[in-house]
Amino acid sequence: KAETIIETIKNEIGLEYPDARLTTSIGIAKTDDSMSVGKLFKITDNALYKAKQSGKNKYCFADVSDSAV
């Protein structure tokens, strides 16, 4: 789960570097084999950008129906 990844990264860095502040943003996409890798990366990158816009330690699912990509 995305929440688990975000918490694990935050906790692991905090143990070794207690003064460090790390945030994690995740873009998630799922598709079938008919989509090219390049298009999948673009769609996932858009989801990552939306997660970053939402604030710190967020994740966003990609809209694979987005034909603008």
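**Exercise 1.** In which loop is asparagine 57 found? Describe its backbone and its exposure as well.

*Solution.* The model is a predicted one, and the secondary structure of its chain comes to two helices and two strands, which follow the pattern α-β-α-β when read along the sequence. Within this pattern, asparagine 57 is found in the loop between α2 (37-54) and β2 (58-61). Turning to the backbone, phi of asparagine 57 is near 55°, which is a positive value in a residue other than glycine. As for exposure, the relative accessible area of asparagine 57 is 25%, so the residue counts as partly exposed.

**Exercise 2.** Decide whether threonine 24 is buried or exposed, and list the residues that it touches beyond its sequence neighbours.

*Solution.* Begin with the position: threonine 24 lies in the loop between α1 (2-16) and β1 (25-28). Next, compare its relative accessibility with the cut-off for burial, which is under 20%; because the value for threonine 24 is 11%, the residue counts as buried. Finally, leaving aside residues up to four places away in sequence, threonine 24 touches Ile6, Ile9, Asn57 and Lys58. Asn57, one of these contacts, is the loop residue with the positive phi from the preceding exercise.

**Exercise 3.** Classify the aromatic pair formed by tyrosine 59 and phenylalanine 61, and state how exposed each partner is.

*Solution.* A pair of aromatic rings is described by the distance of the centres and the angle of the planes. The structure holds one such pair. The ring centres of tyrosine 59 and phenylalanine 61 are 5.9 Å apart, and their planes stand at 85°, so the pair is edge-to-face; the cut-off for that class is an angle over 60 degrees. With a relative accessibility of 32%, tyrosine 59 counts as partly exposed, whereas phenylalanine 61, at 58%, counts as exposed.

**Exercise 4.** Work out how the radius of gyration of the chain compares with the globule rule, and add the overall features of the chain.

*Solution.* For the chain, whose secondary structure comes to two helices and two strands, the radius of gyration is 14 Å, well over the 11 Å that the globule rule gives for 69 residues, so the chain is more spread out than a compact globule. Along its principal axes, the C-alpha trace spans about 45 × 25 × 15 Å. Buried residues make up 16% of the 69 residues, and the accessible surface comes to about 5400 Å², of which 53% belongs to carbon and sulfur atoms. Among contacts with a separation of 6 or more, 52% join residues 24 or more positions apart. Lastly, the chain carries 10 positive and 10 negative side chains, and the centres of these two sets lie 5 Å apart.

Terms used: Residues are numbered from 1 along each chain as its sequence is written. This is a predicted model: local features need pLDDT of at least 70, side-chain atom pairs count only at pLDDT 80 or more; totals for chains, interfaces and linings use all residues. Side-chain values use heavy atoms; hydrogens and water are left out. Rings of Phe, Tyr and Trp (its six-membered ring) pair if their centres lie within 6.5 Å; planes under 30 degrees apart count as stacked, over 60 as edge-to-face and the rest as tilted. Buried means under 20% relative accessible area, exposed over 50%, partly exposed in between (1.4 Å probe, protein chains only). Helices (H or I, at least four residues) and strands (E, at least two) are DSSP runs, numbered from the N terminus. The radius of gyration is taken over C-alpha atoms; the globule rule is 2.2 Å times the number of residues to the power 0.38. Contact means heavy atoms within 4.5 Å. Accessible areas come from the Shrake-Rupley method with a 1.4 Å probe; for residues, only the protein chains shown count as cover. Lys and Arg count as positive and Asp and Glu as negative; His and the chain ends are not counted. The place of a charge is taken as NZ of Lys, CZ of Arg, CG of Asp or CD of Glu.
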